[in-house]
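Okay, thanks everyone for squeezing in. I'll put the structure up and then we can walk through how the pieces fit together.

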There are 2 protein chains.
Amino acid sequence: MDGTVTLAGGLEDRSRWVADACPIGKALDVIGTRSALLLMREAYYGTTRFEDFRSRVGLSEAVTAARLRELTEYGLLERHPYREPGQRTRYEYRLTQKGDDLAPVAVGLFNWGTKYESPGGVPPINLTHCDCGSPIRAEVRCEKGHLLSMGDVEATPPHRPNRRR
Amino acid sequence: MDGTVTLAGGLEDRSRWVADACPIGKALDVIGTRSALLLMREAYYGTTRFEDFRSRVGLSEAVTAARLRELTEYGLLERHPYREPGQRTRYEYRLTQKGDDLAPVAVGLFNWGTKYESPGGVPPINLTHCDCGSPIRAEVRCEKGHLLSMGDVEATPPHRPNRRR
């Protein structure tokens, strides 16, 4: 081996697998823009208000409005009305379960960006488990709990012939 | 609670945290395009050759060449020469450790796209642990092994004043 990695055995017969159906592609149709992922990051950090999203991500009003509308339509954020004294009704944006389920993607990007793209590999912010105080990370595991790299993963096309028949 | 989720307590004082330094943003500078992530997906599936990358992701030659060059320059893929009888030397692209370390992001997108965007929530391809045969998934855990959602995560700015002094 020369230090490079691949999925165990690769995908045996890639021609049988239609890439158009790939869930990664479908996910990227929804949250595949840099601005959408950065707005989701802000939602994880507790940002709820339009102006906070806009200024913290550094987007224009128009792009912020378009992205927040998309993320709401796709069900990653939910709009809730609020009103401050003397002001008109405004809306804040809160994470849904569907948005929370993207956590491994966001934390995976955080870990990777810290390891490879941050000075000294030191995170500029600490993410910890609020109960036990330990640092958090995104991992790939099987249902039996084994910790995996891509070299431990096997991909098989659907409708594989049953060899016992 | 109304079914929405946020990071435990949010980020206490977001103004002390400069979003420009965010590792998520830095990671997205490198692999924040849809085409880059889809090429990485192909690399995980065992694709190594230019024409296979191009045709399976459905990109133009120019975009495929530009993205593979970037992914190589950033160190996610490595170029290796090969030559078939009677042909000129060509290059194949193999995953590096840096590329493999993005696995939680790719698997997280795969899981999320399967759950929310695939018919019946059924994956169009099976990803399993090659040793034990169990399905795989991306998770967020703390170093002590607790399985977490974003609601269990606390974010604290760096250089927090030491309260004991």
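I'll go from the symmetry to the interface, then to the shared sheet, and finish with a pair of helices.

Quick caveat before anything else: this is a predicted model.

So, symmetry. Any two copies of a chain are related by a rotation about an axis and a shift along it. Here, a turn of 180° and a shift of 0.0 Å along the axis lay chain A on chain B with an RMSD of 0.0 Å. The two copies are thus related as by a two-fold rotation axis. Which residue of chain A comes closest to that rotation axis? That's A:V105, with its C-alpha at 2.2 Å.

Now the interface. On the chain A side we have 86 residues in contact with 85 residues of chain B. Helix α6(A) brings the largest share of the chain A side, 14 residues. By class, that side of chain A splits into 46 nonpolar, 20 polar and 20 charged residues. And 99% of the interface residues of chain A are also interface residues in chain B, so the copies meet through the same surface.

Okay, the sheet. Both chains contribute: there are four strands in an open sheet, ordered β5(A)-β4(A)-β4(B)-β5(B), with antiparallel pairing. Why does each β5 strand have one side without a neighbour in the sheet? Because β5 of chain A and β5 of chain B, 147-148 in each, stand at the edges with a single partner strand apiece. Across the chains, β4 of A and β4 of B, residues 136-142 in both, run antiparallel and are joined by seven bridges. If you want a spot to click on, A:C142 stands opposite B:I136 in β4(B).

Back to α6, residues 103-117. In chain A this helix lies across β4 of chain A together with β4 of chain B, running at about 120° to β4(A). The α6 helix of chain B lies across β4 of both chains too, at about 120° to β4(B).

There's another cross-chain pairing to look at. Strand β6 of chain A, residues 153-156, pairs with β3 of chain B, residues 126-129, over four bridges in the antiparallel sense. In that pairing, A:T156 stands opposite B:N126.

Last bit, inside chain A. Helices α3 (50-57) and α4 (61-73) pack at about 120°, with their axes 10 Å apart, and the crossing is right-handed. From α3(A), A:F50, A:F53 and A:R54 meet A:E61, A:T64 and A:L68 of α4(A). That contact has three nonpolar, one polar and two charged residues.

That's my tour, happy to take questions.

Definitions and conventions
Residues numbered from 1 in each chain as written. Chains lettered and ligands numbered in written order. Predicted model: local features only at pLDDT ≥ 70, side-chain atom pairs only at ≥ 80, totals over all residues. Pairing = 2+ DSSP bridges. Helix = DSSP H or I, 4+ residues; strand = E, 2+ residues; numbered from the N terminus. Contact = placed C-beta atoms within 7 Å. Axes fitted to C-alpha atoms, helices over the stretch in contact; angles between N-to-C directions. Nonpolar A, V, L, I, M, F, W, Y, C, P; charged D, E, K, R; others polar. Left-handed = near helix turned anticlockwise from the far one by under 90°. Least-squares fit on C-alpha atoms with pLDDT ≥ 70 in both.
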